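Trainee: Got a minute to go through this model with me? I'd like to ask about whatever catches my eye.
Mentor: Sure, pull it up and fire away.

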Amino acid sequence: MARYVVASVDDIGIGERKLVDVRGRPVVVFNINGEFFALLDRCPHQGGSLCAGKMTGLVEAGAVGEFKYSRHGEIVRCPWHGWEFDVRTGKSYCNPERLRVRQFPVTLEAGAQVVEGPFVAETFQVTVEDKYVVIEA
Amino acid sequence: MTTDVRTPNRPSAAGSSTVARAAQERYKVIDSDLHPSARSLEDLKPFLSKRWWDHLQTYGYRSRQGLYQGQVYPKAAPFAHRRDAIPPEGGFGGSNLEFMRSQYLDACNIEVAIMSPLNFTGQGDDNHELSAALARAINEWQVECWTRLEPRLRASIVVPYEDTALSVEEIERWAEHPHFAQILLLTRTSEPLGRRRFWPIYEAAQKHGLPVGIHVFGASGHPTSPAGWPSYYMEDMTSHAAACQGMLASFALEGVFERFPGLKIINIEGGFAWLPAFEWRLDKHWERMRGEVPHLKRPPSEYLREGLRISTQPFEEPENPKHLIDIFEWIGYDRLLFATDYPHWDFDDPATTLPRQIGPERMQQILSGNARKLYRLG
């Protein structure tokens, strides 16, 4: 397991996401209200790019005729067949145990920390003042 | 900590991994259902006479059902598209050839794709002359804007099927043009497609050796479900199978294949798992009530066995893949044609859809071999 610096925190605003490359694998990093999550950018169903999917919430009903909408912006729908994944866990809503997308642990590290290592940061300059998104993969 | 993924190394048409690319290089694909689209009706203006252009501007369509300008059901995704298939400039998926090349033709290793235009085709319109004018325009548009520019594409002869004579005229116009691979009908017509009024279409198809592709939908005014107009898009999608069965029962029982033994039809986008049970039921009834249809010399399923091919999309996904293989065997591997339905949301990726357990020969047969024979692609 190595730790990869993939973006500066400022690169990904609240509600935004960014596609990054981790050891040749496409990974999509989400910022949900300041919390960062990373998922493999490949739907486990047929391989659609989750980065191109719509961010949505959960519509649920306690009974016929009722509805509850919650967790706005925390669910990504695959752009192909519409499978819904919980960005916090990578699990699909309809078949959470069998169909889940690979999730990578994310931490935010201060620039000073990143400069000391042991991190892999080949693609951009790291400055001591900024904060960085680090993925363990 | 990482969570477990069911199939972490599945190749993907959208992924950038070179490993995935290499894996799918092995299979060439002939897609029996690609949907190109005009950007708007304006794109067809060069192929319409002033008379019909003015008519469309002044009076519009004369559909047999309501909501003709919108979708009968909300489609869960814009224009029923894969969200990533909308071209960079916006608008309809399948309306930008360059984008189609990179996202679909190249990425999916497409050798040949049979185009089934659905937008602005005028099919099913109750003004038959207008329907014919639009069909002709869309056929010219397929050649001028697509097949002439991209050799991997083949056109479909779109016909104004509610008027048989005009349909035959359109078939005769294009039948010997090498860019056309099939005649295109839709499943829900004003009467079931096996009825005699449609036979001249099949006679022309047989004469020219052109298969007849029958794609789901059709603005005939009949709901997709024989139980009436359903509430949800999900019901609409699921009920296509019922509409297909009604259409195919008509083909089998009216004696179309007895009269045109060389005719080949393709059921497109209706799924396929229902087909074996449907054929068993037809045969069971025939054994008991054969006298009602004395023009049939053999069990109905035998006619369908020879005359009917079925596209695999939208693919069936049973929990146990063994069930899928049983269904393939009941249908017959030689009747299955792979289809992507690009750019629509229920797109099937040729790199990941078919179960590997069927082995490379059958994989290749479904992905391209059967289609190569049927469309006479050499």
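Trainee: Is B:Ala80 buried or exposed?
Mentor: B:Ala80 counts as buried, because it has 20 C-beta neighbours inside 10 Å, and 20 is where the buried class begins. Keep in mind that this is a predicted model.

Trainee: Where does B:Ala80 lie?
Mentor: In the loop between helix 2 (50–58) and helix 3 (97–106) of chain B. Its phi is near 65°, a positive value in a residue other than glycine.

Trainee: Why point out the sign of phi?
Mentor: Because most residues other than glycine have a negative phi. B:Asn109 is another one to look at, with phi near 55°.

Trainee: Which loop holds B:Asn109, and is it buried or exposed?
Mentor: The loop between helix 3 and strand 2 (110–115) of chain B. B:Asn109 comes out as partly exposed, since 18 other C-beta atoms lie within 10 Å.

Trainee: Switching to prolines. What kind of peptide bond joins B:Gln313 and B:Pro314?
Mentor: A cis one, with omega about -5°. B:Pro314 sits in the loop between strand 7 and helix 11 of chain B. There's also a cis bond between B:Tyr342 and B:Pro343, where omega is about 5°.

Trainee: And where is B:Pro343?
Mentor: In the loop between strand 8 (336–337) and helix 12 (359–374) of chain B. For context, most peptide bonds are trans.

Trainee: What about B:Pro318, buried or exposed?
Mentor: Exposed, because B:Pro318 has 12 other C-beta atoms within 10 Å, and the exposed class takes in 12 or fewer. B:Pro318 is in the loop between strand 7 and helix 11 (321–331) of chain B.

Trainee: What is B:Pro318 in contact with, leaving aside its neighbours within four places in sequence?
Mentor: B:His323 and B:Leu324. You can also check B:Ala273, which is 45 residues away along the chain, with 9.9 Å between its C-alpha atom and that of B:Pro318.

Trainee: Okay, helices now. Which residues of helix 5 of chain B are buried?
Mentor: Helix 5 spans residues 164–174, and its buried residues are B:Ser167, B:Glu170, B:Ile171 and B:Trp174. Looking down the axis of helix 5 of chain B, they fall within an arc of 100°, so they line one face of the helix.

Trainee: What covers those buried residues?
Mentor: The cover includes helix 4 (128–147), strand 3 (153–158), strand 4 (180–186) and helix 6 (199–208) of chain B.

Trainee: How do helix 5 and helix 6 of chain B cross?
Mentor: Their axes come within 8 Å and cross at roughly 15°. That's why helix 5 of chain B counts as roughly parallel to helix 6 of chain B. The crossing of these two helices is right-handed.

Trainee: Which residues meet there?
Mentor: From helix 5 of chain B, B:Thr164, B:Ser167, B:Val168, B:Ile171 and B:Glu172; from helix 6 of chain B, B:Pro200, B:Ile201 and B:Ala204.

Trainee: And helix 10 of chain B, which residues are buried there?
Mentor: In helix 10 (residues 300–307) of chain B, they are B:Pro300, B:Ser301, B:Tyr303, B:Leu304 and B:Gly307. Seen down the axis of helix 10 of chain B, they stay within an arc of 155°, so these also line one face of their helix. They pack against helix 7 (233–253), helix 8 (256–259), strand 6 (265–268), helix 9 (275–289) and strand 7 (308–311) of chain B.

Trainee: How many residues are in the largest nonpolar core?
Mentor: It has 118, and those with the most contacts inside it are A:Leu50, B:Ile183 and B:Ile214. Helix 4 of chain B gives the largest share of this core, nine residues.

Trainee: What does B:Ile214 contact beyond its neighbours within four places in sequence?
Mentor: Among its contacts are B:Leu185, B:Leu193, B:Met247, B:Ile266 and B:Ile268.

Trainee: Last one, chain A. What is its secondary structure?
Mentor: One helix and ten strands, in the order β-β-β-β-β-β-β-β-β-α-β along the sequence. Its C-alpha atoms fill a box of roughly 55 × 25 × 20 Å along the principal axes, and of the 137 residues of chain A, 37% count as buried.

Technical notes. Residues numbered from 1 in each chain as written. Chains lettered and ligands numbered in written order. Predicted model: local features only at pLDDT ≥ 70, side-chain atom pairs only at ≥ 80, totals over all residues. Helix = DSSP H or I, 4+ residues; strand = E, 2+ residues; numbered from the N terminus. Arc of directions from axis to C-beta. Contact = placed C-beta atoms within 7 Å. Core = buried A, V, L, I, M, F, W, Y, C linked by C-beta atoms within 7 Å. Axes fitted to C-alpha atoms, helices over the stretch in contact; angles between N-to-C directions. Parallel < 35°, antiparallel > 145°, perpendicular 65-115°, else oblique. Left-handed = near helix turned anticlockwise from the far one by under 90°.
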